[in-house]
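I want to keep a short record of what I look up in this structure, going from the whole chain down to a single residue. I begin with the overall make-up and then follow a few elements one by one.

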Amino acid sequence: WSPPLLKVLGVRAYESSNWSYHFKMLFPLAFAKFLSSVLAHISIWKVPVSYAHTVKASMPIFTVLITRIFLGTRHGFSVYLSLMPIVFGVAVATVSEISFELMGLTSALLATAGFAVITIYSKMALKDTGMHHLRLLHKLGMMAAIMFFPVWLLVDAPKIPSELNTDILTLLVVDGCLHWMQNILAFTLLKLVTPLTYAVANVTKRIAVISVSLLLLKNPVTATNLGGMLMAIIGVFFYNRAKYNENLAQKTLPVSMPKAQPPPL
């Protein structure tokens, strides 16, 4: 569906003979997208959706660690302080989770780390190549789908004759359409609004996902568990606010020191 949409939107084609860059940047990004998507689906298979999305609230922690270790980015005290509610919130939700499974937690954490890597290095790829953000999304999705095809052949294809029916097919089509639209809207929204507005929208989305999953799936939760989820989500908002203020302060720093005035005679 992406190629017709890109043509309708007038997104320019990207042509590059620099295949070394594809293998250096785009191929690892596509592999991270493939692996993170697989791990994310394993997490919601093993643990409730509400808990999996609470763990995903730890993405700022991985973002700070990855940028600090691999890119040497330093952050202010307020950014590091804002990570504490996220850590405590995820810890409380984990300890109090009734349907806890170690594989579910591990998969959710690894998927979150993978999505953090994708976010960081996608911005670098857009800056280095000048590629349109929707074109990059299309390329990464296509490459990740090719990587996933052998896994699908081995795991899901043999089960199609016995397990596929109209209801499951309908759910798969709806899930695919919604996931595609969510990716398009997320990339586009990030370009249209300020980072703080996007952060508020992201936190609101996470609250909605957790609330709807609790109402529809009726997963058993405790007051402590809900408190941990809420603490993690609030921590994400404070992190995004602190990061926005830090970026704003860096942009308003003077580019040169003012010249010293000569002393009065």
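I counted the elements first and found that the chain has 11 helices and 0 strands, so I wrote the order from the N terminus on as α-α-α-α-α-α-α-α-α-α-α. I also noted that 35% of the 265 residues of the chain count as buried. Then I looked up the contacts between residues at least 6 apart in sequence, and 85% of these join residues at least 24 apart.

Before going further I reminded myself that this is a predicted model, and I looked up its confidence. The mean pLDDT of the chain is 80, and 82% of the residues reach 70 or more. Confidence is lowest in helix H1, residues 2–9, with a mean of 63, whereas helix H5, residues 77–95, has the highest at 87.

Next I turned to a pair of helices, H6 (residues 102–129) and H7 (residues 133–155), which pack with their axes 10 Å apart and at an angle of about 120°. That angle makes H6 oblique to H7. I noted the contact as made by Ser-122, Ala-125 and Leu-126 on the H6 side and by His-133, Leu-136 and Leu-140 on the H7 side. The crossing in which H6 passes H7 is right-handed.

Is helix H3 enclosed by the rest of the structure or exposed? I found that 7 of the 8 residues of H3 (residues 49–56) are buried, and therefore I recorded this helix as largely enclosed by the rest of the structure. The buried residues are Ser-50, Tyr-51, Ala-52, His-53, Thr-54, Val-55 and Lys-56.

From H3 I picked out Thr-54, which lies in this helix. Its relative accessible area is 1%, and because buried means under 20%, I entered Thr-54 as buried. Which residues is Thr-54 in contact with, leaving aside its neighbours within four places in sequence? I listed Val-90, Ala-93, Ile-210, Met-229 and Ala-232.

Last I looked up helix H11, residues 223–251, whose 29 residues reach 42 Å from the first C-alpha to the last, close to the 42 Å expected at 1.5 Å a residue. The buried residues of H11 include Met-229 and Ala-232, both of which I had already written down as contacts of Thr-54. Among the other buried residues of H11 I noted Asn-225, Gly-228, Ile-233, Gly-235, Val-236 and Tyr-239.

Terms used: Residues numbered from 1 in each chain as written. Predicted model: local features only at pLDDT ≥ 70, side-chain atom pairs only at ≥ 80, totals over all residues. Heavy atoms only, no water. Buried < 20%, exposed > 50% of the residue type's maximum accessible area, 1.4 Å probe, protein only. Helix = DSSP H or I, 4+ residues; strand = E, 2+ residues; numbered from the N terminus. Contact = heavy atoms within 4.5 Å. pLDDT = per-residue confidence, 0-100. Expected span 1.5 Å × (residues − 1). Axes fitted to C-alpha atoms, helices over the stretch in contact; angles between N-to-C directions. Parallel < 35°, antiparallel > 145°, perpendicular 65-115°, else oblique. Left-handed = near helix turned anticlockwise from the far one by under 90°.
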